[in-house]
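Biologist: Could you take me through this model, beginning with how its residues are covered and then turning to its charged side chains?

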Amino acid sequence: MLTEHDPKATAPARRREDMLDRVEARLRAVLGDEYRRHAGHARAAGLVESLAELVAAGGERVRPVVLLTGYLAAGGDPDDERAVDAAAALELLDTAALLRADEHDGVAVRRGMPALHVAHAAEHERGGWGGDARRHGAYAATLAGDLALACAGRLTGGALTGAARDHWDELRADRSIGLYAREAMTVAYLDDPWPGRCVSGCDSGCRAGWYALRAPLLIGAALAGRADLTPAYESYAAALHAAWRLRGFLDGGPEYAWEADLLREMLLDGEERDVAERMIRDLVKRASRTAADASLPPEWRTELVTFASRVAAV
């Protein structure tokens with residue numbers, strides 16, 4: 001995981017862990033409130049419960065970790081609930097995309113339990129309901145994703161203003177457009193699984209992945225009132241994102257299908273893999289230099305350097 005409770009954790013990491021605990025509580029609260037609103041209607045409550053179970057099952061909370069890292073490094077107040085709400089909203093935004101991706105890709109199991117579209121298709125079959133069970137499951141997943149976005153909107157309504165709101169709105173648009181661009185390239189047989197563009201410089205079609213680091217960092221800086229950190233955070237995120245994508249390609253991450261496996265077998269013998277590993281290390285060094293030179297407290301410069309190594313597994 002990118003972060004976890006560790007008695008030997010640094011002071012910056014402990015402050016981030018404390019805020020992450022509050023993010024978890026905020027996610028439970030917003031989904032619990034939604035469940036209670038519909039408790040008298042079994043079908044409606046069932047959809048909320050499915051979403052809440054998926055969120056509670058966790059994952060690495062990548063986006064909240066990145067946002068809180070950028071926020072605290074920028075001098076943000078750990079007691080400010082706006083950052084907690086924004087981090088929780090990012091997790092719900094990610095959940096919405098995950099629900100749609102699972103249905104699109106035919107994923108059967110997510111976080112140790114049946115994927116939501118599978119669970120609701122099975123409910124349809126068990127009940128002997130009319131219509132097509134698979135279409136019902138797919139529709140349920142789409143609506144659960146819409147519900148996640150609605151809950152994220154509640155959280156960001158009072159939390160994000162000014163530059164932070166601008167970054168959030170840009171993130172939502174770029175994510176949708178970037179995901180479509182990647183899908184279109186894949187189905188047109190033009191997609192090269194080797195993430196070379198991430199190394200040479202991300203374009204707009206790559207922002208589906210780029211958002212994972214850049215946007216949360218910039219939202220965190222904006223919430224902390226440190227717009228001056230934008231160039232440093234963007235430079236840090238660009239290098240680290242490229243290293244992250246290369247690591248995913250080399251290790252066969254979930255975004256890389258059979259053609260990536262084939263390309264690795266064809267192109268990456270021991271020597272080429274060593275070259276790719278050196279590229280990852282060079283990118284992490286570039287991100288680390290940016291962090292070390294940023295106008296941040298020394299403890300947070302060190303934390304960002306450590307975070308870069310952890311993300312890229314070097």
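Modeller: A residue counts as buried when its relative accessible area is under 20%. Please keep in mind that this is a predicted model.

Biologist: What percentage of the residues of the protein count as buried?

Modeller: The protein has 14 helices and 2 strands, and it exposes about 15100 Å², of which carbon and sulfur atoms supply 53%. Of its 314 residues, the share that counts as buried is 47%.

Biologist: Which residue meets Glu91 in a salt bridge, and where in the chain does the partner lie?

Modeller: Glu91 belongs to helix α4 (residues 81–105), and the partner sits 30 residues apart from it, in the loop between α2 (42–56) and α3 (62–73). Because its relative accessibility is 3%, Glu91 counts as buried, and the partner, Arg61, is likewise buried because its value is 7%. Both belong to a network of salt bridges that also includes Glu24 and Arg111. At 3.0 Å, N to O, the side chain that meets Glu91 is that of Arg61.

Biologist: Is Asp169, which pairs with Arg165 in a salt bridge, buried or partly exposed?

Modeller: The two side chains meet at 3.6 Å, N to O, and, being 4 residues apart in helix α7, Arg165 and Asp169 are separated by about one helical turn. Arg165 has a relative accessible area of 22% and is therefore partly exposed. Because the relative accessibility of Asp169 is 40%, Asp169 counts as partly exposed.

Biologist: In which helix does Arg289 of the positive surface patch lie?

Modeller: The patch is formed by Arg278, Arg281, Lys285, Arg286 and Arg289. The helix that holds Arg289 spans residues 270–293 and is α13.

Technical notes. Residues numbered from 1 in each chain as written. Predicted model: local features only at pLDDT ≥ 70, side-chain atom pairs only at ≥ 80, totals over all residues. Heavy atoms only, no water. Patch = residues over 30% accessible without salt bridge, like charges linked within 9 Å, V, L, I, M, F, W, Y side chains within 5 Å. Areas by Shrake-Rupley, 256 points an atom, 1.4 Å probe, with all protein chains shown as cover. Salt bridge = Lys/Arg side-chain N within 4 Å of Asp/Glu carboxyl O. Lys, Arg positive; Asp, Glu negative; His and termini not counted. Charge placed at Lys NZ, Arg CZ, Asp CG, Glu CD. Buried < 20%, exposed > 50% of the residue type's maximum accessible area, 1.4 Å probe, protein only.
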